[in-house]
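Here is a friendly briefing to read beside the model. Please keep the sequence and the 3D view open as you go.

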Amino acid sequence: MTRAVALALVVAAAPALALETQVLPRGAISLDLAYLRTSLDKQWSGDRRALSLIDELPRYEPGGGLQGILRARPVAEFDFLLVQALYGVTDSLSVGVNVPILMRSTISTNIAWEPGDYQPQLGRAYSLDDFWSWAQSMGQGRVPDRAVDTRFRLADVVLGAKYLLPRFEWMKAHHVRWSAQLNVALPTGTNADPEEAVSVGTNLWELHAAGDVELHLAADKHFFVDEHGVYRLNVGADVFYAFFRPRLYEAGRGLRNPLLNNNAFYVGDTYWIDPGDWLAGTVSVDAVPLVGPTLATIVSGNSLEKAKALPPLLTVSASFTYVATGQSDWQSNSALWDWDREKVWQPGEKNVFRFTGTVSLLRLGLPLQLYASYRSQDIIPGRFTRPANVFTAGVRAVAKFW
């Protein structure tokens, strides 16, 4: 029988701050609320071909010809709410928390049947209905064409700290900054349900969004900087290492899907997954096509001079991230079952493009920033990864009370 559609979806957190090295001023608070729409419909092979998320299953008559080929081309769509909060401990250190919430998941299984050889006892080839009739005779219900889950589920909460490193005089003179960042994830997400035919987990391994522990080293270079420190062009870079901890999963016992999820008797009641770590790098460009009008308001302490140092009205950004993913290691009572999963999560890569537009109203006296971004992994095919396209829209409020 075909595998259950237990998907590892791929999303990315909305950027809390635009630049690679940006931190908040001392005492400033940033509250960010974003909506993410994610779609996923394929996985990359080792030779960069787009494959279905589920392998096809040819079925044969006992000792005879081909009954037919069962195929599934799942399309998964997810709606996330992302809540972020940042606080400027000092002018060089910001700390924050990132809370992703899965609000809705929709998976269209798109199961199809390719008829096989002519069957004399039927006077025709087997059909998809014939296949499901056989499965139902074994206690296996038909997999729904579309599964919708509207439960609100928490993903792994991420705590982070970014420190603006001390600059040498030549760095100050050439408008260069660098920073170090540490992110640590709390295990608040969930694993995919081992008994469901269609199930989605919300831990960071299944989201494939970030590591359990990440260490970043980033740098920014400003160009065309005015006397108030506002740039017209920025080029940034970020290199990071992401560590994934091993995870314990329960095997399916066929309680609801006896032909789909009944591997516990040979896999064992539980099994471990060591996802493998990431080594990655990002290059980014931020351009300011419109600085906008500047007003002396409560946001700038009624100072026009301070208002001129606030973020520009419109910033557009583009970035490319290359992620080298490590070999996964599955450990159960069945070495064959382990390899069947490890071979689709071999050392691979992701090529991620992101395009972002940010409108900042701080210069106009409103402590709000509006942004939208689109992230794609389809532009350059990867290897042994699952590319998702993510649309993000959000609003950010910035305040300083002391």
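The notes below go from the whole chain to its sheets, salt bridges and a surface patch.

This is a predicted model, in which local features need pLDDT of at least 70 and side-chain atom pairs count only at pLDDT 80 or more, while totals for chains, interfaces and linings use all residues. Residues are numbered from 1 along each chain as its sequence is written, and side-chain values use heavy atoms, with hydrogens and water left out.

**The chain as a whole**

- The chain holds six helices and 24 strands; these are DSSP runs numbered from the N terminus, with helices being H or I of at least four residues and strands being E of at least two.
- Its C-alpha trace spans about 90 × 35 × 35 Å along the principal axes.
- Of the 402 residues, 49% count as buried, where buried means under 20% relative accessible area, exposed means over 50%, and partly exposed lies in between (1.4 Å probe, protein chains only).
- About 18,600 Å² of the chain is exposed, and carbon and sulfur atoms supply 62% of that area; accessible areas come from the Shrake-Rupley method with a 1.4 Å probe, and for residues only the protein chains shown count as cover.
- Among contacts with a separation of 6 or more, 72% are between residues 24 or more positions apart (contact means heavy atoms within 4.5 Å).

**The sheet E5-E6-E9**

- Three strands make an open sheet in the order E5-E6-E9, with antiparallel pairing (two strands pair if DSSP finds at least two bridges between them).
- Strand E5 (57–60) and strand E9 (111–115) are the edge strands, each pairing on one side only.
- From one strand to the next, the twist averages 20°; axes are lines fitted to C-alpha atoms, for helices over the stretch in contact, and angles run from 0 to 180 degrees between N-to-C directions.
- Five bridges pair strand E6 (residues 66–72) with E9 in the antiparallel sense, and Ile69 stands opposite Glu114 in E9.
- Helix H1 (residues 128–137) lies across E5, E6 and E9, and runs at about 110° to E9.

**The sheet E17-E18-E21**

- Another open sheet of three strands has the order E17-E18-E21, and its pairing is antiparallel.
- Here the edge strands are strand E17 (247–250) and strand E21 (329–331), each of which pairs on one side only.
- Neighbouring strands of this sheet are turned by 25° against each other on average, with direction ignored.
- E17 and strand E18 (residues 270–274) run antiparallel and are joined by four bridges; Arg247 has Ile273 in E18 as its bridge partner.
- Helix H6 (residues 335–342) lies across E18 and E21, and runs at about 155° to E21.

**Salt bridges**

- The count comes to 23 salt bridges, taking a salt bridge as a side-chain nitrogen of Lys or Arg within 4 Å of a carboxyl oxygen of Asp or Glu.
- In one of them, the side chains of Asp32 and Arg396 meet at 2.9 Å, N to O. Asp32 lies in strand E2 (residues 28–40) and Arg396 in strand E24 (residues 388–400), so the pair ties together parts that are 364 residues apart in sequence.
- Asp32 counts as buried because its relative accessibility is 3%, and Arg396 is likewise buried at 5%.
- Asp130 and Arg124 form a salt bridge in which the closest N and O atoms are 2.6 Å apart. Asp130 is partly exposed at 21% relative accessibility, and Arg124 is partly exposed with a relative accessible area of 37%.
- Arg153 forms a salt bridge with Asp149, with the closest N and O atoms 3.8 Å apart. Arg153 counts as buried at 12% relative accessibility, and Asp149 is buried at 18%.
- Salt bridges with shared partners also link Asp156, Asp212, Arg245 and Arg247 into one network.

**A nonpolar surface patch**

- Leu33, Val83, Val359, Leu366, Leu368, Leu370 and Val395 form a nonpolar patch on the surface, together offering about 490 Å² of accessible area.
- Patches are made of residues with over 30% relative accessible area and no salt bridge, with like charges joined within 9 Å and nonpolar side chains (Val, Leu, Ile, Met, Phe, Trp, Tyr) within 5 Å.
- Within the patch, Val359 sits in strand E22 (residues 348–360) and counts as partly exposed because its relative accessibility is 31%.
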